[in-house]
Amino acid sequence: MHRLQVELGERSYPILMGESLFQKNLITPYIKGKQVAIVTNETVAPLYLEQLQAQLTDYQVQPIVLPDGEQYKNWQTLQLIFDGLLKAEYSRKVTIIALGGGVIGDMAGFAAACYQRGVNFIQVPTTLLSQVDSSVGGKTGINHILGKNMIGAFYQPQAVVIDVSTLKTLPKRELSAGLAEVIKYGLIADSDFFTWLEENIEALKILDTAVLIKAIDWSCRIKAHVVALDETEEGIRATLNLGHTFGHAIESHQGYGNWLHGEAVAVGSVMAIEMSMRLGWITEQDRNRAIRLFIRAGLPVAPPEKMSANDFLKYMRVDKKIIDGQIRLVLLSKLGEAIVTSDFSTELLNAILSTNYEQLLDSF
Ligand SMILES: O=C(O)C(=O)C[C@@H](O)[C@H](O)[C@H](O)COP(=O)(O)O
């Protein structure tokens, strides 16, 4: 089993990673009290709920099973978690376990932050995206129709327990979506990781366990390091948002759940990379390497056909990185290094939003 630590002073916690962790009783040391709520969804429950419950025979366990999908990451579904907690008469000593992907982790975490002003919380992510990204760092919340993740809280878990064998049941499309965030880490923080991914992307797609664990471990190390430096996103943490300003606009415009988060992030990253190239910060060769890797990972690299520059701008105007009304974007200063900047012209931004990416991709 691999173990690494997210260093946040008294809010520090471990990320435990390996195979078949559900059988190894790794979760119980992080449970406080006897009351446990397992928040999961209709897809994950039949696969893993029983296995997890089998570890918790000494506890009073209440499963709360939500509908599956980004379109349910909203107030109405969040309410179902509070309903479950209150019907079970759970006190502020309850532990909430999130068993599922990013939507479940974000909602269960937000519920944990709010229920009786904050209760114990454990992340058990079961998708690649949640294992490498959303379960680590304490961003929790829900979507609003006018913008993605607009309501939420920073709330750290007690532990993140990653069982990579859960990826065996993950649909291929979801696996590719997770790879978008993995590739992101190489682009923003570590060109060696990017090169390693170029060499290992096929092994990742067929779930080679050793390669998979190395990729998850590498990704989590980068994320844990950035989060430790800047827990509440005053500065460097915003670089983890590469592709997200454009990507969130795509998800919101297309209707939550129609594009997977990772798919939108892949396209958004291509747009940010194209912009970085036009600013003269990265080479055409590096832009092409990035696009090729996203394509090889099974991801889209062009925005939805009928999405206009104005459609993008409508959602980009409520992005969380905006300061004093100014759009700020994460761009690459070179391959393996990112900056957050508003230092670009409106003309360039409009050109990026109006580029015909399908045409650009003809040469790939
Ligand atoms: O943890 C972070 O910080 C990130 O930005 C990671 C993102 O990949 C993740 O999708 C995050 O939830 C986006 O946060 P948001 O603040 O842009 O809503």
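**A core and a ligand between two domains**

Okay, let's start on the inside. The largest nonpolar core has 113 residues, and the ones with the most contacts inside it are V39, I96, L99, M107 and F294. Keep in mind that we're looking at a predicted model.

Which helix gives the most to this core? That's α5, residues 172-189, with ten residues. And the core lies between domain 1 (2-168) and domain 2 (172-361), because both of them give residues to it.

Let's zoom in on I96 for a second. If you skip its neighbours within four places in sequence, I96 is in contact with A37 and V39, then A108, A111 and A112, and also V119 and F121.

Now, the domains. The chain is divided into domain 1, 2-168, and domain 2, 172-361. Taken over C-alpha atoms, their centres are 26 Å apart. Where they meet, 32 residues of domain 1 are in contact with 31 residues of domain 2. On the domain 1 side, β1 (2-6), β2 (13-18), α4 (128-134) and β8 (147-154) each supply at least two residues, and α4 has the largest share, with five. By class, that side has 15 nonpolar, ten polar and seven charged residues.

Last stop, the ligand. So what surrounds it? Going along the chain, you'll find D133, S134, G137, K139, N149, E181, E233, R237, L240, N241, H244 and K320. By class, this shell has six charged residues, five polar and one nonpolar. Both domain 1 and domain 2 give residues to the shell, so the ligand, too, lies between them.

Notes: Residues numbered from 1 in each chain as written. Predicted model: local features only at pLDDT ≥ 70, side-chain atom pairs only at ≥ 80, totals over all residues. Near = placed C-beta within 6 Å. Nonpolar A, V, L, I, M, F, W, Y, C, P; charged D, E, K, R; others polar. Domains from an automatic or database assignment. Core = buried A, V, L, I, M, F, W, Y, C linked by C-beta atoms within 7 Å. Buried ≥ 20, exposed ≤ 12 C-beta atoms within 10 Å, placed from the backbone. Helix = DSSP H or I, 4+ residues; strand = E, 2+ residues; numbered from the N terminus. Contact = placed C-beta atoms within 7 Å.
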